[in-house]
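Here are some quick notes from my read-through, for when you have the model open. I've stuck to one pocket and one sheet.

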Amino acid sequence: MKSIYLRSFAATAATVAMCFLIIALSFIGIGRSYVISESRENMVNTANEVGRMASAVVHGDSLSGWMLSMSISSIAKATGDHIFITDASGTVLSCSDRAPVCEHLGQQIPEDTLEAVSAGGFDERSDLGGMYPLPRYVVAVSVPAARDSDKPLGFVFVTNATDNMLGTWSTFLMMAAIVAVGVFCAALLVSLLYSKHMARPLDEMAAASRKFAKGDFSARVKQTDDPSSEMGMLIDSFNKMADSLEQSEKRRSEFIGNISHELRTPMTTIAGFADGILDGTIPPEEQNKYLCAIRDETKRLSRLVREMLSLSQTRARASDASRRTVFDLTELILQTLLSFEGRATKKNLDVDPQLPDNHILVRADKDAITQVIYNLLDNAVKFAEPGSCLVLKLYKERGKAFVSIKDYGETIPPDDLPFIFDRFHKSDRSRSLDKDGVGLGLYLVKTILTSHDEDIAVKSEDGATEFVFTLALAEQEK
């Protein structure tokens with residue numbers, strides 16, 4: 001699970017990092033272009049404004065006048081640009097530098113640059129023929145002349161170093177980088193927690209599987225996801241599998257316990273009789289008697305094992321909800337009753353089936369309920385007094401179907417009634433009359449009905465014993 005958790009986190013972290021890298025590169029490229037574009041647009045506006053101001057000033061003063069120089073110095077200080085003005089031949093006359101003797105005054109602008117400005121403006125990177133040690137962004141416009149002249153009075157140049165233009169951008173970029181790193185760390189933390197959350201059920205499943213391997217089937221995975229999601233369905237399926245394994249283990253343990261409990265006595269008896277014959281303790285004239293006892297105990301062992309296997313299979317089928325269907329309970333009772341016709345006639349029993357005219361539909365495992373009715377009828381026929389009456393009733397009440405099977409004969413002792421449905425329980429009555437029984441019939445009945453969330457009750461008094469159990473009616477019957 002550690003590797004799945006780490007791989008999931010690494011994949012998420014790599015995806016987040018890649019997305020951040022793409023966004024950062026796009027942001028830097030687009031942002032840098034935007035800042036430069038804005039700065040150059042501001043430089044163009046500044047150049048046009050200085051050009052108009054120079055055109056107005058030149059009528060009362062020259063382009064090299066002190067007032068014009070102070071004005072462009074103020075503008076340059078406000079904008080952070082370097083501004084200078086040349087005459088029509090390209091000689092620098094005024095500069096925004098406030099040094100007493102400016103190094104730029106008197107310098108000559110290249111002719112090709114002047115031609116470009118005259119043709120419509122100049123907007124590019126240039127060192128202006130060595131005027132600057134490094135290329136700068138340069139914007140130049142013509143100083144408008146009088147209306148009666150087509151020649152410009154001079155030219156206005158506005159320049160700025162790249163570092164100055166991107167100074168604000170660098171500060172902003174630093175803050176953006178800090179925020180991006182913070183967001184990236186937060187994304188990684190969320191990814192870490194989410195990956196851990198996603199891996200938790202898998203970790204629990206692995207831990208539960210290790211317990212299963214050691215024979216402990218009690219472990220379950222906590223359902224914290226939506227049961228309709230993939231992980232929720234996986235957890236639900238895993239827990240159902242664990243339930244099934246636990247039930248199988250319980251049935252296996254119970255089966256082994258039952259076998260060991262019931263086999264111990266007959267096997268001891270068989271071994272004792274066989275030893276007695278072999279060592280001469282049992283005289284030869286009585287050996288046939290004890291050999292018959294060994295044969296009877298062997299048959300009982302065979303019958304016990306067969307019934308135990310049948311019990312285990314029937315319980316497993318009864319617990320399977322997918323086997324439950326809608327069927328006619330009235331018809332099922334009549335069919336099961338027919339199988340006891342010969343035994344009832346042999347004991348001269350009067351069978352009274354008090355069944356409704358209308359069919360009653362129930363939802364249950366038909367084979368399991370057949371076993372329930374058969375066991376109860378077998379019990380009733382077995383213990384009914386010869387010549388007595390056997391009564392079967394079927395009726396509906398409070399959304400349930402009630403089945404009653406009543407026989408007349410020796411009753412069950414009151415002390416035995418609370419234990420009548422226990423496994424291997426046999427009362428004095430059953431021991432005296434049911435010599436072939438192993439005490440599983442009523443236990444199987446109770447188990448099947450319990451798996452259907454139904455109940456069974458018994459009343460035995462005044463020479464009559466009655467078993468009553470319930471079944472859920474089908475929807476159309478309610």
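1. How do the residues lining the second largest pocket divide into nonpolar, polar and charged? Bear in mind that this is a predicted model. The split is 11 nonpolar, with no polar and no charged residues. If you want to click through them, the lining is F20, I23, A24, F27, I28, L173, A176, A177, V179, A180 and F184.

2. As for where that lining comes from, helix 1 (2-57) and helix 5 (167-213) each put in at least two residues. Helix 5 has the largest share, with six. The space in this second largest pocket comes to about 270 Å³.

3. Now for the sheet. It's an open one, built from five strands in the order 7-9-10-12-11, with mixed pairing. Strand 7 (350-354) and strand 11 (456-461) sit at the edges with a single partner strand each, so one side of each has no neighbour in the sheet. On average, neighbouring strands here are turned by 10° against each other, ignoring direction.

4. Have a look at strand 10 (residues 400-408) and strand 12 (residues 464-472) too: they pair antiparallel over nine bridges. K400 stands opposite A472 of strand 12.

5. Two helices to check against the sheet. Helix 10 (residues 366-383) packs on it and touches strand 9 (389-397), strand 10, strand 11 and strand 12, with its direction at about 20° to that of strand 10. Helix 12 (residues 441-451) also packs on the sheet, touching strand 11 and strand 12, and its direction makes about 25° with that of strand 12.

Terms used
Residues are numbered from 1 along each chain as its sequence is written. This is a predicted model: local features need pLDDT of at least 70, side-chain atom pairs count only at pLDDT 80 or more; totals for chains, interfaces and linings use all residues. Side-chain values use heavy atoms; hydrogens and water are left out. On a 1 Å grid over the protein atoms alone, a cavity is a set of points where a 1.4 Å probe fits but cannot get out, and a pocket is an open set with protein on both sides within 12 Å along at least five of seven lines; lining residues have an atom within 4 Å of a point. Grid points are joined across faces, edges and corners, and a volume is the space filled by probe spheres set on the points. Helices (H or I, at least four residues) and strands (E, at least two) are DSSP runs, numbered from the N terminus. Ala, Val, Leu, Ile, Met, Phe, Trp, Tyr, Cys and Pro count as nonpolar, Asp, Glu, Lys and Arg as charged, and the others, Gly among them, as polar. Two strands pair if DSSP finds at least two bridges between them. Axes are lines fitted to C-alpha atoms, for helices over the stretch in contact, and angles run from 0 to 180 degrees between N-to-C directions. Contact means heavy atoms within 4.5 Å.
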